[in-house]
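Thanks for coming, everyone. I'll put the structure up, and then we'll walk through it piece by piece.

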Amino acid sequence: MKILSMLEKDQYPSRNDIANECEVSLRTAQRYMQILTSILPIQYNRKKRGYEFENKLTKKTLFLENKEIAVIAAVFSTLKKREPLLYELFANLIKKLNLQTKDETTLEKTCICLTPDEVSINYESKVFKLVMEAITNQKTLRIIYKSIETGNITEREIDPYELYFLDGEWFVYSYCHLRNGYRWFALDGIRELEMTEKKFIKPKDFSMDKKLEKSFYIFQADPVTIKVRFLPEIAHKIRRKKKLHKIEHREELPDGSILVTFEVAGLKEIKRWLYTFIPHFEVIEPDELREMIRRELEKELTKF
């Protein structure tokens with residue numbers, strides 16, 4: 001921020017000035033400027049022998065494209081949920097940079113949600129780009145969609161609300177006019193799509209956080225209470241995590257294991273997650289989940 005302050009004050013800082021002000025080596029000062037010039041419109045003024053903003057208006061406002069502001073907003077949202085301290089620091093940085101778009105899109109209009117997975121965004125993808133554009137402009141999409149689970153192919157119109165990255169895949173949360181309800185659509189399941197001229201209005205009280213409050217990841221179903229005992233062999237891993245789910249209760253047991261009670265939407269997602277702890281857990285309830293896991297494990301054992 002010291003460097004940005006020098007630029008805002010038209011001090012035309014040189015590499016030596018930056019090194020002295022930041023108390024770093026000349027090589028480090030050069031690296032700082034390489035980073036800044038890669039993300040901000042900064043140039044070297046030969047007459048002044050120092051750096052400056054290419055456009056004086058940059059000092060007041062930095063304009064970004066919608067897709068760029070969406071990614072920043074996604075990081076903003078994720079930090080707010082998971083790392084409050086970093087969120088505050090990031091929020092202050094955003095205020096100082098004064099980021100916005102030419103059409104007045106703000107960070108509050110987040111259209112991408114991230115999970116702690118390694119994210120790979122392919123902006124060259126026609127599907128990704130058109131979905132993002134439709135979300136930003138609130139335009140209805142007409143799609144040909146192949147269901148990942150059933151393989152059925154349908155044509156439908158959807159109002160896309162938000163993009164979500166989970167387990168290496170992109171999903172879009174939308175209102176589906178064919179089913180008259182909200183649905184998740186995997187982007188790799190969209191075979192064809194086109195943007196219509198129909199505008200939709202996103203409800204003012206819409207909240208993705210509220211929608212996913214009881215979901216273990218993103219999918220929604222009737223709420224169910226699940227009790228799982230994590231054995232002593234992996235109890236330390238459970239203790240290291242402040243929370244495994246938004247709605248949970250933990251109990252330390254005398255044998256060193258941990259009993260965790262979850263309130264989640266459906267069984268499918270938490271079952272897949274529990275498999276990462278095989279064989280160091282025991283489902284106490286519900287019986288339905290115990291039976292599902294028992295049947296699947298017995299089936300898999302026949303392969304060995």
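Which residue in S10 is the bridge partner of tyrosine 145? It's isoleucine 190. Keep in mind throughout that this is a predicted model.

Let's stay with those strands. S6 and S10 pair in the antiparallel sense, over six bridges. On to S7. S6 and S7 also run antiparallel, and six bridges join them. Take isoleucine 144: its bridge partner in S7 is glutamate 155. S6 and S7 form a hairpin, with six residues between them. Look at glycine 151 in that turn. Its phi is positive, about 80 degrees.

Now the core. In soluble globular proteins, nonpolar side chains tend to be buried together. Here, the largest nonpolar core has 32 residues. The residues with the most contacts inside this core are Val131, Leu141, Ile143, Leu163, Trp184, Leu187 and Leu193. Which elements each supply at least two residues of this core? One helix, H6 at 126-137, and these strands: S6 at 139-146, S7 at 153-166, S8 at 169-176, S9 at 181-186 and S10 at 190-199. The largest share is from H6, with seven residues.

Pick out leucine 187. Set aside the neighbours within four places in sequence. Leucine 187 is then in contact with Val127, Phe128, Val131, Leu163, Trp170 and Val172.

There is a second core, separate from that one, with 22 residues. Phe230, Val260, Ile270 and Leu289 are included in this second core.

That takes us to another sheet. What is the strand order? S12-S13-S11-S14, four strands in an open sheet, with antiparallel pairing. S12, at 248-252, and S14, at 281-285, are the edge strands, and each pairs on one side only. From one strand to the next, the twist averages 25 degrees. S12 pairs with S13, residues 258-265, over five bridges, in the antiparallel sense. Across that pair, arginine 250 stands opposite valine 260 in S13.

Two helices pack on this sheet. Start with H8, residues 232-240. H8 touches S11 (223-230), S12 and S13, and its direction makes about 60 degrees with that of S13. Then H10, residues 287-301. H10 touches S11 and S14, and its direction makes about 140 degrees with that of S14.

One residue in S14 deserves a stop: phenylalanine 281. Is phenylalanine 281 buried or exposed? Phenylalanine 281 counts as buried, because its relative accessibility is 13% and the cut-off for buried is under 20%. How far apart are the C-alpha atoms of phenylalanine 281 and phenylalanine 230? They are separated by 4.5 Å, although the two residues are 51 residues apart along the chain. Leaving aside neighbours within four places in sequence, phenylalanine 281 is in contact with Val228, Arg229, Phe230, Leu231, Leu274 and Ile293.

Now back towards the start of the chain numbering. Look at two helices, H2 at residues 15-22 and H3 at residues 26-39. Their axes come within 8 Å and cross at roughly 105 degrees. So H2 is roughly perpendicular to H3. H2 brings Arg15, Asn16, Ile18, Ala19 and Cys22 to the contact. H3 brings Leu26, Ala29, Gln30, Tyr32 and Met33.

Last stop: a polar pair. Asparagine 45 is in strand S1, residues 42-45. Glutamate 52 is in strand S2, residues 50-53. Asparagine 45 is buried, with a relative accessible area of 16%. Glutamate 52 counts as buried too, at 12% relative accessibility.

What do these side chains reach? A polar contact of 3.3 Å joins the side chains of glutamate 52 and asparagine 45. The side chain of asparagine 45 also reaches the backbone nitrogen of lysine 48, at 3.0 Å. The side chain of glutamate 52 makes a polar contact of 2.8 Å with the side chain of glutamine 43.

And the surroundings, again leaving aside neighbours within four places in sequence. Asparagine 45 is in contact with Tyr12, Gly50 and Glu52. Glutamate 52 is in contact with Leu7, Tyr12, Pro41, Ile42, Gln43 and Asn45. Tyr12 is named in both of those lists.

That's the tour.

Technical notes:
Residues are numbered from 1 along each chain as its sequence is written. This is a predicted model: local features need pLDDT of at least 70, side-chain atom pairs count only at pLDDT 80 or more; totals for chains, interfaces and linings use all residues. Side-chain values use heavy atoms; hydrogens and water are left out. A nonpolar core is a set of buried Ala, Val, Leu, Ile, Met, Phe, Trp, Tyr and Cys residues joined through side-chain atoms within 4.5 Å. Buried means under 20% relative accessible area, exposed over 50%, partly exposed in between (1.4 Å probe, protein chains only). Contact means heavy atoms within 4.5 Å. A polar contact is a pair of N or O atoms within 3.5 Å; within protein, one must be able to donate a hydrogen and the other to accept it, and residues adjacent in sequence count only if both atoms are side-chain atoms. Two strands pair if DSSP finds at least two bridges between them. Axes are lines fitted to C-alpha atoms, for helices over the stretch in contact, and angles run from 0 to 180 degrees between N-to-C directions. Angles under 35 degrees count as roughly parallel, over 145 as roughly antiparallel, 65 to 115 as roughly perpendicular and the rest as oblique.
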